[in-house]
Amino acid sequence: MSLYLGIDIGGTNTELGIVDEEGQIVSSQTLSTKQCGSLFSDYIEALSQQIAQMIANPALTDRVVGIGIGAPNANYFSGCIEEAVNLPWTGNTPIVADLSARTGLPVVLDNDANASALGEHSYGVARELDHFVEITLGTGVGSGIYADGRLIRGYQGKAGELGHMAVGEPHQRCGCGRYGCLEASVAAPAVARRAVSLKKLCLEQGMWSELCDIPDEELTSKTVAEVALATGDSLARQVFEETGEILGRALAQFACFSAPQAFVLFGGVARCGDLLLQPARKAFDEALLHIYRGSIEILLSSLPKGQAAVLGAASLARERAL
């Protein structure tokens, strides 16, 4: 059985995993991205050494047939990571050419949202779907669009920036500098901001919520979800109701351009489950164009939390090999 090496590059750590055809990680390691310093040459040397150690295992050496890399600002066509602001090095780094030359294995690179969509299709809830959109809800909002049985990368590999479509709250400024992006309304920082704002309003009106006992800087999508689930606190639930409504209306708009079988929600905010999913589905159904009603689902990713990024990266190599 063929094996694929998945590499997820983050600003703090780089996660590596050797994955089989069934999506099982048979070997894994972590490399500190930060400790490699600000020179890409030092990072690629350390990464190559880590890979060599992993595949030196006699049981794995001849079975690893390719390497897939998921990274921010990664360009599938150029094979470069381009000006990624949260990585230690600067400029355009030709990681595909460098790593292929050092390992002798074929290497494929893509942005982390596309890798996530491929991972979902290879190993997750979208395994039987030919038309779906993966929406990644974390610090930002990413998306991978799968249509007619293949990933849509677009010109220059930059298709799928649905998080930066102006379908959110028009007064909210996004990190990209524009106003109204979906990311500015439903990503994890937006959930935290909404919680702080509703808490402040609650106190001004002389009311009380479990959230009032939590300092503003500790209000995150995770803590608000924990309060909502543990106590049923109405204000905590309202945070996700408002977030879900915005997300649901946005997904209804997205349905018009690719007519997917499903939207798959992935990431830290999505792990809040029905707190987000129920209001999102309700708003989606209300806003959806009538010709699509009853044909599009909103699903939660089935990829394991701690393994999803590596599985997505490995699926890039798997796609190239098939």
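A nonpolar core is a set of buried Ala, Val, Leu, Ile, Met, Phe, Trp, Tyr and Cys residues joined through side-chain atoms within 4.5 Å. In this definition, buried means under 20% relative accessible area, whereas exposed means over 50% and partly exposed lies in between, with a 1.4 Å probe and protein chains only. The structure described here is a predicted model, in which local features need pLDDT of at least 70, side-chain atom pairs count only at pLDDT 80 or more, and totals for chains, interfaces and linings use all residues. Residues are numbered from 1 along each chain as its sequence is written, and side-chain values use heavy atoms, with hydrogens and water left out.

## The nonpolar cores

In soluble globular proteins, nonpolar side chains tend to be buried together. The largest nonpolar core has 46 residues, of which Ile-135, Leu-137, Leu-211, Leu-247, Leu-251, Phe-263 and Leu-265 touch the most other members. Two or more residues of this core come from each of strand S9 (132-137), strand S10 (141-147), helix H5 (188-204), helix H6 (221-231), helix H7 (234-258), strand S12 (262-266) and helix H8 (274-287). H7 gives the largest share of this core, 11 residues. Helices (H or I, at least four residues) and strands (E, at least two) are DSSP runs, numbered from the N terminus. Another core, of 32 residues, lies apart from the largest one and includes Ala-46, Leu-47, Val-96 and Leu-109.

Contact means heavy atoms within 4.5 Å. When neighbours within four places in sequence are left aside, Leu-211 is in contact with Lys-199, Leu-219, Val-224, Val-227, Asp-233, Leu-235, Ala-236 and Val-239.

## Helix H2 and its surroundings

Which residues of helix H2 (residues 95-103) are buried? They are Ile-95, Val-96 and Leu-99. Because these residues cover an arc of only 95° around the axis, they lie on the same side of H2; the arc is that of the directions from the helix axis to the C-beta atoms. Ala-97 and Ala-101, on the other side of H2, are exposed. The buried residues of H2 pack against strand S1 (3-9), helix H1 (40-55), strand S4 (64-71), strand S6 (80-82), strand S7 (92-93) and strand S8 (107-111). Just after H2, Gly-104 takes a positive phi of about 75°.

## Strand pairing

Two strands pair if DSSP finds at least two bridges between them. S4 is mostly covered, with seven of its eight residues buried. S1 and S4 run parallel and are joined by six bridges, and Gly-6 stands opposite Gly-68 in S4. S4 also pairs with S8 in the parallel sense, over five bridges, and Ile-69 stands opposite Leu-109 in S8.

An open sheet of three strands has the order S5-S6-S7, with antiparallel pairing. Its edge strands, strand S5 (74-75) and S7, each pair on one side only. Two bridges link S6 and S7 in the antiparallel sense, and the bridge partner of Ile-81 is Thr-93 in S7.

## The second largest pocket

On a 1 Å grid over the protein atoms alone, a pocket is an open set of points where a 1.4 Å probe fits, with protein on both sides within 12 Å along at least five of seven lines; lining residues have an atom within 4 Å of a point. About 150 Å³ of space lies in the second largest pocket; grid points are joined across faces, edges and corners, and the volume is the space filled by probe spheres set on the points. Among the residues that line this pocket are Leu-198, Leu-201, Cys-202, Trp-208, Ser-209, Leu-235 and Gln-238. H5 and H7 each supply at least two residues of this lining.

## Individual residues

Pro-279 has its place in helix H8. Excluding residues up to four places away in sequence, Pro-279 touches Phe-240, Glu-241, Gly-244, Glu-245 and Asp-274. The C-alpha atoms of Pro-279 and Phe-240 are separated by 7.8 Å, although these residues are 39 residues apart along the chain. Pro-279 is buried, with a relative accessible area of 12%.

Two residues other than glycine have a positive phi, as tabulated below.

| Residue | Phi | Location | Relative accessibility |
|---|---|---|---|
| Asp-148 | about 55° | loop between S10 and strand S11 (150-151) | 63%, exposed |
| Gln-156 | near 65° | loop between S11 and helix H4 (183-186) | 39%, partly exposed |
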